[in-house]
Amino acid sequence: MKRFALLTLPLLSACGASYNLRVPDSMEKKLPYEARIELLEAENNLALAIDRVDEADNEIGRARDNIRRARSRQEAAEDEVDRASDEVSREVAKLAIAEAEARVEYLRARQRLSVGLRDVERLALRCAFAEFELARLQAARKAKVEGSERLDPKDFEEQVSECKAEVKEERAELAGDEKEEKTAREAWEAKKAALAKKTFDARASPYVENL
């Protein structure tokens with residue numbers, strides 16, 4: 001169980017000093033086996049929180065790669081305008097440019113949202129860590145581990161409550177980014193549909209690529 005706590009300490013330290021109430025590791029070492037088993041749920045929640053932070057980081061990386069590809073497609077479409085031999089080809093190339101530009105704008109909006117979501121998940125990880133510490137204290141007090149009586153459970157409970165309230169507030173603050181991402185996606189979908197229609201079939205068209 002201590003493995004997850006130790007793994008998260010560097011990340012938690014990097015995120016700031018808030019919500020840092022901890023139960024001394026020496027107390028956990030004195031817990032009987034039955035009490036350690038009771039900590040499994042909190043430990044699993046902590047592991048899941050770590051996974052969500054990792055996935056949020058990966059999403060930002062994917063968005064960065066998608067933006068790079070979208071820019072390349074935009075440049076290729078711009079080259080096609082100059083090489084177009086007839087009006088139809090020229091119109092298709094211009095639609096492809098518009099689709100690529102809209103795609104880039106959408107992906108940028110998506111990346112901004114992803115960064116915000118990553119920050120929320122990092123804070124949620126702190127909350128999971130706080131819940132883990134509360135569980136450790138409750139187990140120590142239940143087992144009457146020496147020294148646990150000097151730690152007030154209310155302080156640890158308040159730490160969890162305050163952290164969760166901050167997560168809720170930060171999630172609410174992402175409403176603007178979510179709206180921008182939705183608007184940008186709808187604009188891109190419209191440009192993509194126009195390009196697909198001009199090239200007969202969205203699924204078969206070499207000009208249309210789904211994310």
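Here is a short chat between a colleague and a modeller about a predicted model of a protein.

Colleague: Let's start with the fold. What pattern does the protein follow along the sequence?

Modeller: This is a predicted model, so keep that in mind throughout. The secondary structure comes to 7 helices and 0 strands. Reading along the sequence, you get α-α-α-α-α-α-α.

Colleague: What share of the contacts with a separation of 6 or more comes from residues 24 or more positions apart?

Modeller: For background, the protein has 211 residues, and 40% of them count as buried. As for the contacts in the protein with a separation of 6 or more, the share from residues 24 or more positions apart is 80%.

Colleague: And the surface: how much of the accessible surface belongs to carbon and sulfur atoms?

Modeller: The accessible surface of the protein comes to about 12,300 Å². The part belonging to carbon and sulfur atoms is 50%.

Colleague: On to the cysteines. Which helices does the disulfide link?

Modeller: The count comes to 1 disulfide. Cys 127 and Cys 163 form it, with their sulfur atoms 2.0 Å apart. The two cysteines are 36 residues apart and link distant parts of the chain, with Cys 127 in residues 87-142 and Cys 163 in residues 153-172. Those stretches are helix H5 and helix H6.

Colleague: Is the disulfide of Cys 127 and Cys 163 left-handed or right-handed?

Modeller: Both partners are tucked away, since Cys 127 is buried and so is Cys 163. For the hand, look at the torsion about the S-S bond, which is about -95°. That torsion is why the disulfide counts as left-handed.

Colleague: Now the rings. How is the aromatic pair of Tyr 106 and Trp 188 arranged?

Modeller: There is 1 aromatic pair by the count. Tyr 106 and Trp 188 sit 5.5 Å centre to centre, with 5° between the planes. Planes under 30 degrees apart get one label, so this pair is stacked.

Colleague: Where in the chain do the two rings come from, and which helix holds Trp 188?

Modeller: They come from distant parts of the chain, 82 residues apart. Tyr 106 is in helix H5, while Trp 188 falls in residues 175-198. That puts Trp 188 in helix H7.

Colleague: Is Trp 188 buried or exposed?

Modeller: Its partner Tyr 106 has a relative accessible area of 2%, so Tyr 106 is buried. For Trp 188 the relative accessible area is 1%. The cut-off is under 20%, so Trp 188 is buried.

Colleague: Last one: which residue lies over the face of Trp 188?

Modeller: Trp 188 is the ring that stacks with Tyr 106. At 4.4 Å from the ring centre of Trp 188, over its face, lies Lys 192.

Note on methods: Residues numbered from 1 in each chain as written. Predicted model: local features only at pLDDT ≥ 70, side-chain atom pairs only at ≥ 80, totals over all residues. Heavy atoms only, no water. Helix = DSSP H or I, 4+ residues; strand = E, 2+ residues; numbered from the N terminus. Buried < 20%, exposed > 50% of the residue type's maximum accessible area, 1.4 Å probe, protein only. Contact = heavy atoms within 4.5 Å. Areas by Shrake-Rupley, 256 points an atom, 1.4 Å probe, with all protein chains shown as cover. Disulfide = S-S within 2.5 Å. Phe/Tyr/Trp six-rings, centres within 6.5 Å; stacked < 30°, edge-to-face > 60°. Lys NZ or Arg CZ within 6 Å of the ring centre and 35° of its normal.
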